[in-house]
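Reader: I would like to learn how to read the metal and ligand sites of a structure. Please take me through them.

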Amino acid sequence: MNTKPKGLGSLRTKSEIQRARTSETDGMPLRPNDKLLHELQMYQIELEIQNKALRQAQVELKESRDRYVDLYDFAPVGYLTLTHEALIIEVNLTGATLLGMERNQLIHHRFANWVATEGSECWNRFFISVLQDNERQSCELVLQRGHNSVFHAHLDCLHIKTVNGEHLVRIAFNDISEQKQAEEALRIAAIAFESQEGIMVTDANSVIQRVNNAFTRLTGYSAEEVVGRTPNLLSSGRHDKNFYQYMRATLNEQKHWQGEMWNKRKNGKIYADWLTITAVTAPNGEITHYVGTFSDITNNPESLAEIHRLAYYDSLTHLPNRRMLFDRLRQALAASSRNKHYGALLFLDLDNFKTLNDTYGHSIGDLLLIEIAQRLKANLREGDTEARLGGDEFVLMLENLSENTHEAVVQAGLIGEKIRDAIALPYIIQGLELWCTVSIGVSLFYGHEASVDELLKHSDFAMYHAKNEGRNGIRFFDPEMQTTLVERGALESDLHHALGRGQLRLYYQIQVNNERHAIGAEALLRWVHPERGLILPEQFIPLAEKTGLIVPIGLWVLQTACAQLRDWADNPATSNLQLALNASALELRQPDFVEQVRQAISTTGINPALLKIELTESLLVANVSDTVLKMNALKALGISFSMDDFGTAYSSLAYLKQLPLDQLKIDQSFIRDLGDSPSNAALVQAIILMGRTFDLDVIAEGVEAETQLEFLNLHGCDAYQGYLFSRPLPLEEFEAFVEQVDAPRNATTFNPDRVKNNYAQFN
Ligand code: C2E
Ligand code: CA
Ligand code: CA
């Protein structure tokens, strides 16, 4: 029989059922049993279909549930469902992991078990408030992870009421520990930034980006005043280039530098600070910023010792410096007036230090000074003071010498000799054997007879005498020197009035060429003192230089010389004479020197080619480039230059070549013993040759003898000046002298016999 209902497997869709219905009824009428059977079949089919849909729905439901469970479990946040009693009834995997528990260890336990103790009260209050409200609420809590660690959690909570009236709380939470830490770090950084230490942040180019309040307090500069500028504005000028170079190199290499530094506040005050600089680097190692922190240590006891050292000791030799010496000298004077003992001040100046320094370089020079300092220390008694004033000058202070003048002199003299001999022993420095001698000036002190300044001046003056007497010697300050010093003081005060009272004069000394024709003159200064009579320049030029009076005096010389040239222009005997004047380094260093010369020329209307300026090599000691600049400017006006006293000072050929010179003037000391000293003769020849090489004229000064003139002439010297021709003469006599000699046009021929009386008059 084919009545068996078709299996579930064979009928699937509604259309199939429809077809089944129609095909079964097609054509023939159904009997009652058949009908029932048929309906049952239909019913069964329908059931089957429903069943199938149901199962399909079940599958779908399961899938969606699985999906939900996956999403729920593996969501990046923890989910919890709590009862109104705060019992956990659901938790996702993330939640369980965050809490460091298996899920079953959590279910039916109170959530409060995982709230860190300090947060439990806060949690209770919060939970009650969540239950009372239907709004979403959030809080931060410290939660327990497992049993031994905690984490910061952010909780979002929602109170819901289920269909069967249950009150539940759903919680989403996550670990915000890292974020918290970052916030904390920022907060700490912000607080640290406003600490007691001054902080300055710069970019890689040292441009200031940020400073803190302590910075403003310490330096006096507000943030607005410094941001965008560089730390240079704090520079005190007390550190040299090497200091900063070393700092930069250390920073580059070690990314870190610290040390003591002198800086300047906005109000100009200099202070010491302890500075730490740290380089901030990007992951690729590139420096992006520098952070500098510093504290004022001017009042910090630990650094006071260091500051004391810097203020009172010489940094090279660690001997006391001038300030410390003066302090001790004051105390020594007080002690001497109490105990009636003599003391002595020894002024030491090395004889050949400059040459050594120039020959072997400053670092050898420095080592030599250190060695000398050690020898001084080794040769003095405990209570004596050895100080370095700077350069190659040292001062020794001896105390508690005898009460008897004569004995004290002997004692000081013996110590002086011991020191002199110790210094004269050879030095081995970096494998070099060096020799050095010293000139010593001694002045005794007794109570407060002389002031500290006077004492130092006395021993300095005595040293100067020792030096003049041939070096490596010792000289005591004596009453004669005292008189000289007093006179010098008086002269100095008179000099202040000399210019205003018209006491200065220019004398003129003729210069001649190889045909003995007058080609020019040198203007030489004289001071006609109302009481002392004629004073020579070497007695007052040094004073004028020391006091700065040389500047107005030099201007007067310049203006007088120009006025003279203008007068001479009208006289054929003098109209072609070139006039040389002496300018000292201090004058040339005046910023408006060039302008003054320009004015002197234009107001007098002279021919600038007739004006010559004599300079000395001392000019080359400092700021050569400024000298060159000024000389070039003057040269452009048409003025010429002569290098005076050539050969006596240290001159670097490199410098000489830079200078727009026209003439070298061989120093008279070489001419004087030309006959006696073969080395001088060789030197003079060399200078003349050098003049040729550099295309410079060479003039010899101090020519007194015919033999000298012959030698010079033979070796190609161009011009001469000296007593052989004439002494420097006052204007009228100079003019008479020039007129008197039988002058061919444009030059004056010199005839010694005619001017013999000049010798008589000015010898
Ligand atoms: P100086 O520039 O080397 O001048 C040459 C000095 O040698 C002059 O001394 C001159 O009188 C002297 N003299 C010239 N011929 C002979 C000679 O044959 N034998 C000897 N033994 N000496 C001779 P004076 O006039 O006493 O000047 C001394 C120094 O004073 C000058 O040396 C110069 O450096 C300085 N001086 C003179 N006038 C001025 C001036 O107006 N301004 C400046 N800044 N310095 C001046
Ligand atoms: Ca001169
Ligand atoms: Ca000279």
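**Reading the ligand sites**

Author: In sequence, the donor residues of the calcium ion (ligand 3) are spaced D-D-x55-E. This is a predicted model, where local features need pLDDT of at least 70, side-chain atom pairs count only at pLDDT 80 or more, and totals for chains, interfaces and linings use all residues. Residues are numbered from 1 along each chain as its sequence is written, chains are lettered from A and ligands numbered from 1 in the order in which they are written, and side-chain values use heavy atoms, with hydrogens and water left out.

Reader: Which residues coordinate the calcium ion (ligand 3)?

Author: Donors are N, O and S atoms within 2.8 Å of the metal (3.2 Å for Na, K and Ca); water is not among the atoms, so sites may look incomplete. Here Asp644 (OD), Asp645 (OD) and Glu701 (OE), the last listed twice, coordinate the ion at 1.9 to 3.0 Å. Aspartate 644 also coordinates the calcium ion (ligand 2), 4.1 Å from ligand 3.

Reader: Is aspartate 644 buried or exposed?

Author: Buried means under 20% relative accessible area, exposed over 50%, partly exposed in between (1.4 Å probe, protein chains only). Aspartate 644 has 6% relative accessibility, so it counts as buried; aspartate 645, at 26%, counts as partly exposed.

Reader: What lies 2.9 Å from a polar side-chain atom of aspartate 644?

Author: A polar contact is a pair of N or O atoms within 3.5 Å; within protein, one must be able to donate a hydrogen and the other to accept it, and residues adjacent in sequence count only if both atoms are side-chain atoms. For aspartate 644, the partner is an oxygen atom of ligand 1.
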